[in-house]
Amino acid sequence: MRWLTLYARSRQIPASLAAVVISAVAVGALARDGGGGPGDPRLPVLVLATGAMAVSIGLSGQDLALDRTAAIRWVSRRAAHVLLCGAVVGTVLLTVQAMGEDMATTAFVVRDSAGLMGLVALGAVLSGGQYAWTLPFVWLSFSFFAPPPTSAPMQVASWMLLPPGTAAGTWTALVLAVVGTAAYAVAGPRR
């Protein structure tokens with residue numbers, strides 16, 4: 001159990017978890033004040049993206065050389081880390097929403113948290129843990145200001161804001177989750 005505590009501290013999990021909870025509570029308060037209309041996906045996506053960006057710092061350790069030379073199997077630990085972070089980010093939103101305003105369905109939260117964690121993991125592979133947040137930030141920014149998704153490429157580009165059950169949104173999130181998690185599990189964060 002001691003290794004788990006040390007791992008959590010080295011990955012800055014307590015600070016990341018605090019940031020996830022604070023952002024979810026803040027956006028939950030905005031939802032109660034009428035910050036978005038019913039069915040408006042922007043607030044829940046903002047919570048999920050903020051949570052994914054907050055936990056992204058933990059995708060690289062304090063010393064990458066030490067991580068790479070450790071005598072433990074990192075593939076399963078990295079994959080578990082990404083999946084557990086996605087579950088925590090989604091659970092925090094669902095918990096905050098259970099105490100107040102209903103912002104999104106469970107299917108929406110699961111889809112977006114999985115896709116965003118895949119984006120964060122892909123960002124860690126491409127840019128390192130300290131810059132893993134940039135990929136979901138850029139994609140979220142584009143989604144907020146993009147024109148309405150009338151064509152298939154625009155639906156893929158704005159997958160975060162599409163209603164649950166939309167094929168383009170579901171498949172984009174699934175591909176991002178699988179590719180990002182697999183790439184991070186195998187390659188690890190960039191130096």
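Student: Where is the place of Thr181?

Tutor: Keep in mind that this is a predicted model. Residues 167-187 form one helix, and Thr181 belongs to that stretch. So the place of Thr181 is in helix H9.

Student: Is Thr181 buried or exposed?

Tutor: Go by the relative accessible area, which is 12% for Thr181. Buried means under 20%. So Thr181 is buried.

Student: And which residues is Thr181 in contact with, leaving aside its neighbours within four places in sequence?

Tutor: With those neighbours set aside, four names remain for Thr181. They are Ala79, Val82, Ala121 and Leu176.

Student: Stepping back, how many helices and strands are there in the protein?

Tutor: Reading along the sequence gives the pattern α-α-α-α-α-α-α-α-α. No strand turns up anywhere, so the count is nine helices and zero strands.

Student: What share of the contacts with a separation of 6 or more comes from residues 24 or more positions apart?

Tutor: Here we take the contacts in the protein with a separation of 6 or more, and ask what part joins residues 24 or more positions apart. That part is 75%.

Student: Which residues have the most contacts inside the largest nonpolar core?

Tutor: In soluble globular proteins, nonpolar side chains tend to be buried together. Here, buried residues make up 46% of the 191 residues, and the largest nonpolar core has 38 residues. H2, helix H3 (42-55), H5, helix H6 (106-127) and H9 each give two or more residues to this core. The residues with the most contacts inside it are Leu116, Met117, Trp159, Met160 and Tyr184.

Student: Take Met117, then: what does Met117 touch, not counting residues up to four places away in sequence?

Tutor: Met117 is one of the core residues with the most contacts. Skipping residues up to four places away, Met117 touches Ala52, Val55, Val82, Cys85 and Gly86.

Student: On to the rings. Why is the pair of Trp133 and Phe137 edge-to-face?

Tutor: The count comes to two aromatic pairs, and in this one the ring centres of Trp133 and Phe137 are 5.9 Å apart. Planes over 60 degrees apart count as edge-to-face. Trp133 is partly exposed at 34% relative accessibility, and Phe137 is partly exposed at 40%. The pair is edge-to-face because the planes are at 70°.

Student: What about the rings of Trp139 and Trp159: at what angle are their planes?

Tutor: Their centres are 6.3 Å apart, and this pair is edge-to-face as well. The pair links distant parts of the chain, 20 residues apart, with Trp139 in helix H7 (residues 134-145) and Trp159 in the loop between helix H8 (152-157) and H9. Trp139 counts as partly exposed at 23% relative accessibility, whereas Trp159 is buried at 0%. The planes of Trp139 and Trp159 are at 85°.

Student: Now the surface: which helix gives the most to the nonpolar patch?

Tutor: The patch is about 390 Å², made by Leu17, Val21, Val25, Leu84 and Val88. Helix H2 (13-32) and helix H5 (74-98) each supply at least two of its residues. With three residues, the top contributor is H2.

Student: Last one: is Leu84 buried or exposed?

Tutor: Leu84 is in helix H5 and is one of the residues that make the nonpolar patch. Its relative accessible area is 56%, and exposed means over 50%. So Leu84 is exposed.

Technical notes: Residues are numbered from 1 along each chain as its sequence is written. This is a predicted model: local features need pLDDT of at least 70, side-chain atom pairs count only at pLDDT 80 or more; totals for chains, interfaces and linings use all residues. Side-chain values use heavy atoms; hydrogens and water are left out. Helices (H or I, at least four residues) and strands (E, at least two) are DSSP runs, numbered from the N terminus. Buried means under 20% relative accessible area, exposed over 50%, partly exposed in between (1.4 Å probe, protein chains only). Contact means heavy atoms within 4.5 Å. Rings of Phe, Tyr and Trp (its six-membered ring) pair if their centres lie within 6.5 Å; planes under 30 degrees apart count as stacked, over 60 as edge-to-face and the rest as tilted. Patches are made of residues with over 30% relative accessible area and no salt bridge: like charges are joined within 9 Å, nonpolar side chains (Val, Leu, Ile, Met, Phe, Trp, Tyr) within 5 Å. Accessible areas come from the Shrake-Rupley method with a 1.4 Å probe; for residues, only the protein chains shown count as cover. A salt bridge is a side-chain nitrogen of Lys or Arg within 4 Å of a carboxyl oxygen of Asp or Glu. A nonpolar core is a set of buried Ala, Val, Leu, Ile, Met, Phe, Trp, Tyr and Cys residues joined through side-chain atoms within 4.5 Å.
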